[in-house]
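Work through the exercises below with the sequence and the 3D structure open beside you. Try each task before reading its solution.

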Amino acid sequence: MTILSAEEETVVSTVRDFVDREVRPVVRGLEHANEYPEQLIEQMKALGIFGLAIPEPYGEVKVSTTCFARVTEELARGWMSLAGAMGGHTVVSRLLVEFGTEEQKQRYLPHMATGDVRATMALTEPDGGSDLQSMRTTARKDGDHYVVNGSKIWITNARHSSLVALLCRTDPSADPAHRGISILLVEKGPGFTVSRDLPKLGYKGVESCELSFDGFRTPQSSLLGGRERQGFKQMMKGLEIGRIQVASRATGVARAALEDALLYATQRQSFGVPIWKHQSVGNLLADMATKLAAAQQLVLHAASAYDSGKRSDMEAGMAKLFASEAAAQITLDAIRVHGGYGYSTEYDVERYFRDAPLMIVGEGTNEIQRNVIVSQLMARMTSPA
Ligand SMILES: Cc1cc2nc3c(=O)[nH]c(=O)nc-3n(C[C@H](O)[C@H](O)[C@H](O)COP(=O)(O)OP(=O)(O)OC[C@H]3O[C@@H](n4cnc5c(N)ncnc54)[C@H](O)[C@@H]3O)c2cc1C
């Protein structure tokens with residue numbers, strides 16, 4: 001297991017304390033009111049959480065990906081929505097760090113590190129998210145601007161973000177299609193509307209929205225890295241950290257479910273004993289803990305692969321696939337352990353159960369992760385590193 005430095009351990013324990021002290025006492029109320037957690041987000045900004053993936057000189061407290069994953073897990077243990085609020089933001093941070101021009105880095109990264117500028121990424125369209133190459137949003141050059149037309153859907157944090165990494169076609173006739181895709185760093189303006197907030201099963205409090213672009217003009221300097229036709233490749237790299245983040249959200253939700261189930265199983269009695277002493281319940285708890293530990297190890301494996309600088313889409317895909325499926329099973333089992341109370345909105349386990357499936361779908365579905373994993377298995381078999 002990767003060991004964190006003493007400083008990083010402090011970062012993780014600070015976030016753990018924040019979650020226990022500030023988040024857990026209020027989360028049920030915010031969740032059921034579907035209320036944007038303004039105050040908690042402000043506290044996350046003050047803790048430096050939005051800058052954890054941004055290195056000096058643009059940021060102050062860049063941490064290893066292992067530390068970042070553990071911070072994400074802590075936040076999601078308190079409320080998955082809080083971890084989601086910095087998910088897309090982190091992908092955009094890494095896109096800028098790895099591919100941005102110096103001007104783009106200086107314009108955005110210092111403000112993103114403090115959370116004053118929040119960012120999101122817009123890939124998915126109403127006609128499809130998995131088949132990104134068939135996207136319809138276009139950006140046509142006109143003088144020193146691009147003119148953008150199209151729509152995006154499910155874009156999380158869209159209302160609270162002032163920067164959007166927009167995946168679009170700058171060369172609609174390119175064959176193969178991915179060679180005609182670019183990323184524009186867009187700020188809101190005439191022709192760019194956040195048109196609708198989508199109703200959701202879980203992931204409450206933060207907005208996931210439909211975006212419309214109708215003759216929206218953005219300067220050519222908003223092209224990520226100043227290079228057209230690199231967007232698909234750039235975004236696939238960005239999604240490596242995105243998928244590690246989603247996997248960590250899954251372990252956070254699963255950990256909360258396991259911890260609640262363990263506590264409940266010691267307090268609840270039936271047939272004169274705490275219920276964990278019934279073998280069926282004990283076995284459930286043992287299986288939940290084993291799946292969680294395996295998921296956490298896969299996340300650490302992916303995080304250290306990412307930090308090694310090597311291509312890590314396979315490792316990130318494995319972590320996201322396994323951790324999200326484990327979280328779905330663990331949260332359902334936590335409901336079983338709680339019996340009827342597991343179905344009550346006065347307990348937290350029903351929230352974990354509603355939040356867990358997002359990690360199966362988000363940042364590329366698990367079916368797509370399997371496609372990524374097998375194609376990398378084949379590629380690495382034919383040309384090993
Ligand atoms: C709450 C929420 C927040 C989100 N936030 C964002 C965001 O901030 N930014 C963003 O860009 N997107 C976001 N998304 C979108 C998400 O990434 C997509 O929903 C996801 O990628 C799947 O795309 P889709 O919904 O169009 O499903 P489809 O692509 O239509 O897939 C439907 C089904 O077909 C399967 N399938 C499709 N193609 C294949 C294939 N080749 N092989 C095997 N199976 C296949 C899929 O796995 C799935 O089971 C969010 C989604 C949700 C629900």
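**Exercise 1. Overall make-up of the chain**

Task: State how many helices and strands the protein chain has, and decide whether its radius of gyration agrees with that of a compact globule.

Solution. The model is a predicted one, and its secondary structure comes to 12 helices and nine strands. For 385 residues, a compact globule would have a radius of gyration near 21 Å, and because the protein chain has 21 Å, the two agree. Along the principal axes, the C-alpha trace spans about 80 × 50 × 40 Å. Buried residues make up 50% of the 385 residues. Of the contacts with a separation of 6 or more, 75% are accounted for by residues 24 or more positions apart.

**Exercise 2. Helix 1 against helix 3**

Task: Describe how helix 1 and helix 3 pack, giving the angle, the axis distance and the residues that meet.

Solution. Two packed helices are described by the angle between their axes and by the distance between those axes. Helix 1, residues 6–23, and helix 3, residues 38–47, pack at about 160 degrees with their axes 12 Å apart. That angle makes helix 1 roughly antiparallel to helix 3, since angles over 145 degrees are counted in this way. The next step is the handedness, and here helix 1 passes helix 3 in a right-handed crossing. From helix 1, the residues T14, V15, F18, E22 and V23 meet L40, Q43 and L47 of helix 3. Sorted by class, this contact has five nonpolar, two polar and one charged residues.

**Exercise 3. Helix 4 against helix 8**

Task: Decide whether helix 4 and helix 8 are oblique or roughly parallel to each other, and list the residues that meet.

Solution. The axes of helix 4 and helix 8, the latter covering residues 231–267, come within 7 Å and cross at roughly 40 degrees. Angles under 35 degrees would count as roughly parallel, and helix 4 and helix 8 are therefore oblique to each other. Their crossing is right-handed. On the helix 4 side the residues are T65, A69, T72, E73, E74, L75, A76 and R77, and they meet I241, I244, Q245, S248, R249, T251, G252, V253, R255 and A256 of helix 8. By class, this contact has seven nonpolar, six polar and five charged residues.

**Exercise 4. Helix 10 against helix 12**

Task: Give the packing angle of helix 10 and helix 12 and the distance between their axes, and then work out which residues make the contact.

Solution. Helix 10, residues 313–338, packs with helix 12, residues 366–382, at an angle of about 145 degrees, and their axes are 9 Å apart. The crossing of this pair is left-handed. Helix 10 contributes D313, M314, G317, M318, K320, L321, S324 and E325 to the contact, and helix 12 contributes N366, Q369, R370, V372, I373 and Q376. These residues divide into five nonpolar, five polar and four charged.

**Exercise 5. The surroundings of S93**

Task: Is S93 buried or exposed, and which residues is S93 in contact with beyond its neighbours within four places in sequence?

Solution. S93 is found in helix 6, which covers residues 87–99. Because S93 has 29 C-beta neighbours inside 10 Å, it counts as buried, the cut-off being 20 or more. Leaving aside the neighbours within four places in sequence, S93 is in contact with A53, I54, L109 and M112. A119 lies 26 residues from S93 in sequence, with 8.0 Å between their C-alpha atoms.

**Exercise 6. Backbone features in the loops**

Task: Locate the cis peptide bonds at P57 and P176, and say where N34 and N157, which have positive phi values, are found.

Solution. Begin with the prolines. A cis peptide bond joins E56 and P57, with omega about 5 degrees, and P57 has its place in the loop between helix 3 and helix 4, the latter being 65–78. The bond from D175 to P176 is also cis, with omega near 0 degrees, and P176 is found in the loop between strand 4 (163–169) and strand 5 (181–186).

Turn next to the asparagines. N34 has phi near 50 degrees, a positive value in a residue other than glycine, and lies in the loop between helix 2 (27–33) and helix 3. N34 counts as partly exposed because it has 14 C-beta neighbours inside 10 Å. N157 has phi near 70 degrees and is found in the loop between strand 3 (145–156) and strand 4. With 23 C-beta neighbours inside 10 Å, N157 counts as buried.

How values were computed
Residues numbered from 1 in each chain as written. Predicted model: local features only at pLDDT ≥ 70, side-chain atom pairs only at ≥ 80, totals over all residues. Axes fitted to C-alpha atoms, helices over the stretch in contact; angles between N-to-C directions. Helix = DSSP H or I, 4+ residues; strand = E, 2+ residues; numbered from the N terminus. Parallel < 35°, antiparallel > 145°, perpendicular 65-115°, else oblique. Left-handed = near helix turned anticlockwise from the far one by under 90°. Contact = placed C-beta atoms within 7 Å. Nonpolar A, V, L, I, M, F, W, Y, C, P; charged D, E, K, R; others polar. Rg over C-alpha atoms; globule rule 2.2 N^0.38 Å. Buried ≥ 20, exposed ≤ 12 C-beta atoms within 10 Å, placed from the backbone.
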